[in-house]
Amino acid sequence: MEQYHYFTPTPVGSLLIIGTDTTINALSIRDNDTTDLPLLSKTELPDVFLQCVAEMEAYFAGSLRNFTIPVAQEGTAFQQSVWGKLLTIPYGQTTTYLQLAKDLNNPKAIRAVGTTNGRNQLWVVVPCHRVIGSDGTLTGYAGGLWRKKWLLEHEMKHRFGAQGALF
């Protein structure tokens with residue numbers, strides 16, 4: 001199946017959307033919209049891309065908490081289980097890498113959970129930004145810690161009406 005590529009702006013950078021006619025396979029936040037990949041124009045976008053752009057706009061407007069776009073990312077059974085657990089973290093809340101490992105009935109897998117979290121290719125939709133260190137600090141984030149902080153504060157603001165720096 002042919003893969004398509006498209007950039008859309010967000011408040012925290014340019015979002016590269018990669019997918020097919022039926023699913024979104026990767027969402028990658030960037031500082032700019034330069035790439036060697038062939039890009040579609042907005043008029044060429046498959047419906048799933050239009051849905052993704054609309055849902056991202058709604059998320060950043062604070063009116064969407066759960067994504068419904070069809071997604072698929074390749075990974076091992078363990079990785080799929082971690083990504084599945086990430087989807088259960090409520091909007092505007094956080095959990096820790098250790099708690100995720102415990103939720104998978106494997107507390108010794110904390111490092112593997114962290115590594116898998118870092119390999120998540122579906123930025124924001126599979127909410128790896130909601131995972132923090134056991135001591136409550138923001139830890140590793142492929143998009144940069146400033147974006148992780150922004151996303152968490154954005155969600156808390158729209159969920160609880162919280163203002164100001166929370167992390």
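**A pocket and a core shared by two domains**

The lining of the largest pocket takes at least three residues from each of domain 1 (4–61) and domain 2 (77–160). The model is a predicted one, and the protein in it is split into just these two domains, domain 1 (4–61) and domain 2 (77–160). Their centres, taken over C-alpha atoms, sit 22 Å apart. Where the domains touch, 15 residues of domain 1 meet 15 residues of domain 2.

Back to the pocket itself. The largest pocket holds about 300 Å³ of space. A total of 16 residues line the largest pocket, and those nearest its centre are Gly 118, Asn 120, Trp 123, Ala 142 and Gly 143. Strand 3 and helix 4 (110–118) each put at least two residues into this lining, with strand 3 giving the most, four residues. As for chemistry, the lining is made up of eight nonpolar and eight polar residues, and no charged ones turn up.

Next comes the inside of the protein. The largest nonpolar core has 38 residues, and the ones touching the most other members are Ile 17, Ile 24, Leu 27, Met 56 and Trp 123. Quite a few elements chip in: strand 1 (4–10), strand 2 (13–19), strand 3 (24–30), helix 1 (47–61), helix 2 (77–86) and helix 3 (97–103) each supply at least two residues of this core. Helix 1 is the top contributor, with seven residues. Like the pocket lining, which draws on both domains, this core takes at least three residues from each of domain 1 (4–61) and domain 2 (77–160). Trp 123 appears in both places: it is among the lining residues nearest the centre of the pocket and among the core residues that touch the most other members.

Leu 27 gives a closer look at how the core is wired together. Leaving aside residues up to four places away in sequence, Leu 27 touches Leu 15, Leu 16, Ile 17, Cys 52, Met 56, Gln 121, Leu 122, Trp 123 and Val 125. Three of these partners, Ile 17, Met 56 and Trp 123, are themselves among the core residues that touch the most other members.

Thr 8 is worth a stop too. This residue belongs to strand 1. Thr 8 counts as buried because its relative accessible area is 7%, and the cut-off for buried is under 20%. Beyond residues up to four places away in sequence, Thr 8 touches Gly 13, Ser 14, Leu 15, Ile 17 and Val 53. Leu 15 and Ile 17 are also on the contact list of Leu 27.

Key:
Residues numbered from 1 in each chain as written. Predicted model: local features only at pLDDT ≥ 70, side-chain atom pairs only at ≥ 80, totals over all residues. Heavy atoms only, no water. Core = buried A, V, L, I, M, F, W, Y, C linked by side-chain atoms within 4.5 Å. Buried < 20%, exposed > 50% of the residue type's maximum accessible area, 1.4 Å probe, protein only. Domains from an automatic or database assignment. Contact = heavy atoms within 4.5 Å. 1 Å grid on protein atoms, 1.4 Å probe; cavity = no way out; pocket = protein on both sides within 12 Å on 5 of 7 lines; lining within 4 Å. Points joined across faces, edges and corners; volume = space filled by probe spheres on them. Nonpolar A, V, L, I, M, F, W, Y, C, P; charged D, E, K, R; others polar.
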